[in-house]
Amino acid sequence: MPTIDELRNLLGEDSVSVAKDDLDAHAGDWSPRLLLDRRRGTDLSPPVAVVRPGAAAEVGRLLSWAHDTRTAIVPFGGGSSVVEGISGHDHVVADMGRLDHISPLDAKSRLVTVGAGVTGPQLRDALAPGGFMLGHEPQSHDISTVGGWIATRACGQLSACYGGIENLVAGLEAVLPGGRVVRSRPAPRRATGPELTDLMLGSEGVLGIITEVTLRISPIPAERAHACVRFDHMGTASRPAARSRNPICNRPLCASTTARMPSCSR
Ligand SMILES: Cc1cc2nc3c(=O)[nH]c(=O)nc-3n(C[C@H](O)[C@H](O)[C@H](O)COP(=O)(O)OP(=O)(O)OC[C@H]3O[C@@H](n4cnc5c(N)ncnc54)[C@H](O)[C@@H]3O)c2cc1C
């Protein structure tokens, strides 16, 4: 079991919380089983502490200590995971909310560098005055973070045009288990591997903690239209969806859906 004094010595008194409300709020995510357990009043195995590192170096100290003491650290972005990504026993939750810096955007290269704890609304509000957007809008946009998007390889309703989060990451900084801070520089493309960014995409926090990300941004389109089409059955939806093309970029709207559809409609 981790001792709270050790954590306070590592990160400072204010960055370590053992308040019951805080532990309960970080005990789980939005996955159906945990939501049902919460509704039934079942205890969710809260962490022994919630820590809030404010810099990559602090995450490094935390993971080095965790390695030495064999303590499980669960990174927490917005907590909107639906696959029990936020759970554990005798673990410490690292809430990434203090890593919320946003650098001035680079309009020429169309890049912006942000802390992993930046939320969807924070990013949108920082990019919009310059006429830019990310083009990543999962339905959990308002309650999730950049680090969480990468750790879960997220996509959203604009992904048919702008790509999933894997297409929008130009480079990142992460802290490996053991505490080493590593960084992949933003580049249009790399010809060597294995690539740090690829390893972190969809890693669910098991390969390290993402601390900073450089994202590819796009100009806000002059027009934006929303439409909703209702189908009675997945099978009847698949054929028109497969033929549909995005009116802005003319890419197929449902390329991946088409590929998966035969097994879905059975
Ligand atoms: C209402 C609702 C709608 C949703 N819609 C979509 C959707 O349209 N598309 C979609 O893809 N998903 C969707 N999701 C799922 C979820 O929102 C995404 O998986 C999202 O990317 C999680 O981000 P988060 O910041 O909340 O991460 P969290 O839930 O906090 O964490 C998710 C996982 O990533 C790890 N993690 C978090 N931050 C870091 C970090 N900095 N470094 C390393 N690991 C980290 C956690 O340990 C956990 O394993 C939805 C969820 C809800 C509740």
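**View 1. The residues that come nearest to the ligand.** Of the 32 residues around the ligand in this predicted model, Gly77, Gly78, Gly85, Gly147 and Gly148 come nearest, where a residue is near a molecule or strand if its C-beta atom, placed from the backbone, lies within 6 Å of it. Residues are numbered from 1 along each chain as its sequence is written. Local features need pLDDT of at least 70 and side-chain atom pairs count only at pLDDT 80 or more, whereas totals for chains, interfaces and linings use all residues.

**View 2. The make-up of the shell around the ligand.** Strand S3 (73-76), helix H6 (146-151) and strand S9 (209-216) each supply at least two residues of this shell, and H6 gives the most, with four residues; helices (H or I, at least four residues) and strands (E, at least two) are DSSP runs, numbered from the N terminus. Domain 1 (4-96) and domain 2 (111-219) each contribute at least three residues to the shell, with the domain bounds coming from an automatic or database domain assignment.

**View 3. The open sheet that includes S9.** Strand S9, which supplies at least two residues of the shell around the ligand, also belongs to an open sheet of four strands in the order S5-S9-S7-S8, in which the pairing is antiparallel; two strands pair if DSSP finds at least two bridges between them. The edge strands, S5 (111-115) and S8 (181-184), each pair on one side only.

**View 4. The pairing of S7 with S9.** Strand S7 (residues 169-175) runs antiparallel to S9 and is joined to S9 by six bridges. Gly171 has Thr214 in S9 as its bridge partner.
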